[in-house]
Amino acid sequence: MTLHLDHITLTYPDGPTEVTAVDDVSLTLHPGQFTALVGESGSGKSSLLAVAAGLQEPTSGQVRVDGPRGLIFQQANLLGALTAREQLLVTDHIRGRKPRRDRADELLERVGLAGSGHRRMNQLSGGQRQRVNIARALMGSPAVLLADEPTSALDTRLAREVVDLLADITRETQAVTLLVTHDRSLLDSCDRVVEMRDGRVREVRAVS
């Protein structure tokens with residue numbers, strides 16, 4: 001299972017002209033590889049992730065992926081009225097599946113929240129809520145994990161814990177994982193670093 005981005009270009013109209021957010025980007029990501037996509041604000045990294053996630057159609061180029069994608073957003077977008085377990089089970093409801101309570105509890109344990117399935121969001125810290133967000137993304141057993149600035153609202157210690165967790169999950173499940181981040185202090189947990197600037201990418205560090 002790999003994720004291929006083939007000559008992706010994404011443009012937006014801006015009055016009589018166009019803005020190029022992604023400029024002819026080709027990138028191949030492999031199973032078990034934790035890749036960071038870094039760049040300044042406005043460099044195009046979140047636009048590229050949106051295309052990879054299937055949330056945005058590219059102007060030209062093709063995304064090739066064979067398998068489910070799990071999305072982890074900057075804001076957890078969790079429902080305050082639901083417990084941690086119910087946050088996960090609602091994904092089964094959306095897919096028309098029978099609720100898999102054992103699966104939900106297994107994933108909560110995996111992200112360090114064993115015994116917290118009954119707690120509501122106002123009873124959890126920011127780092128714990130982001131862990132629920134990650135567990136929710138894993139409910140569909142995704143082959144590809146796409147995370148858009150998941151640590152931006154966290155302090156340094158919690159950010160490190162979340163990135164280390166994503167690294168462990170990537171290697172354990174052999175997922176293809178792409179992390180969009182501006183925090184270069186977290187890159188030592190990644191196998192590969194790709195930098196984006198003015199809509200283009202360059203390799204900074206490749207897995208050996």
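These are my notebook entries on the sheet, one helix and two pockets of a predicted model.

**Entry 1: the sheet**

I began with the strand order. The model has an open sheet of three strands, ordered β2-β1-β4, and the pairing is antiparallel. I noted β2 and β4 as the edge strands, since each of them pairs on one side only. From one strand to the next the twist averages 25°.

**Entry 2: β1 with β2**

I looked up the pairing of β1, residues 3-14, with β2, residues 17-29, and found nine bridges between these antiparallel strands. Which residue is the bridge partner of I8 in β2? I found V25 there. I then went to D14, whose bridge partner in β2 is T17. The hairpin of β1 and β2 has two residues between the strands. I checked the backbone of G15 in this hairpin and noted a positive phi near 65°.

**Entry 3: β1 with β4**

I turned to strand β4, residues 60-65, which runs antiparallel to β1 and is joined to it by five bridges. For L5 I looked up the bridge partner in β4 and wrote down V63. A general note for reading these pairs: side chains in a regular strand alternate between the two faces of the sheet.

**Entry 4: helix α1**

I looked next at what packs on the sheet. Helix α1 does, and it touches β1, β2 and β4. I recorded an angle of about 120° between the direction of α1 and that of β1.

Why is α1 largely enclosed by the rest of the structure? I took buried to mean under 20% relative accessible area. Helix α1 covers residues 45-52, and seven of its eight residues are buried, so the helix is largely enclosed. I listed the buried ones as K45, S47, L48, L49, A50, V51 and A52. Just after α1 I noted G54, which takes a positive phi of about 80°.

**Entry 5: the largest pocket**

I moved on to open space. The largest pocket holds about 300 Å³. Its lining has 16 residues, and L71, F73, T91, R136 and A137 are the closest to its centre. I asked which elements supply at least two residues of this lining. They are β5 (69-72), α2 (84-94) and α4 (126-138). Of the contributions to the lining of the largest pocket, that of α2 has the largest share, at four residues. Sorted by class, I have seven nonpolar, six polar and three charged residues in the lining of the largest pocket.

**Entry 6: the second largest pocket**

I noted a volume of about 150 Å³ for the second largest pocket. I wrote out its lining as R103, E106, L107, R110, L138, S141, P142, L145, I169, E172, T173 and A175. Two or more of the lining residues come from α3 (101-110), and the same holds for α5 (156-173). Which element gives the most to the lining of the second largest pocket? I found that α3 does, with four residues. By class I recorded six nonpolar, two polar and four charged residues in the lining of the second largest pocket.

Note on methods:
Residues numbered from 1 in each chain as written. Predicted model: local features only at pLDDT ≥ 70, side-chain atom pairs only at ≥ 80, totals over all residues. Heavy atoms only, no water. Pairing = 2+ DSSP bridges. 1 Å grid on protein atoms, 1.4 Å probe; cavity = no way out; pocket = protein on both sides within 12 Å on 5 of 7 lines; lining within 4 Å. Points joined across faces, edges and corners; volume = space filled by probe spheres on them. Nonpolar A, V, L, I, M, F, W, Y, C, P; charged D, E, K, R; others polar. Buried < 20%, exposed > 50% of the residue type's maximum accessible area, 1.4 Å probe, protein only. Axes fitted to C-alpha atoms, helices over the stretch in contact; angles between N-to-C directions. Contact = heavy atoms within 4.5 Å.
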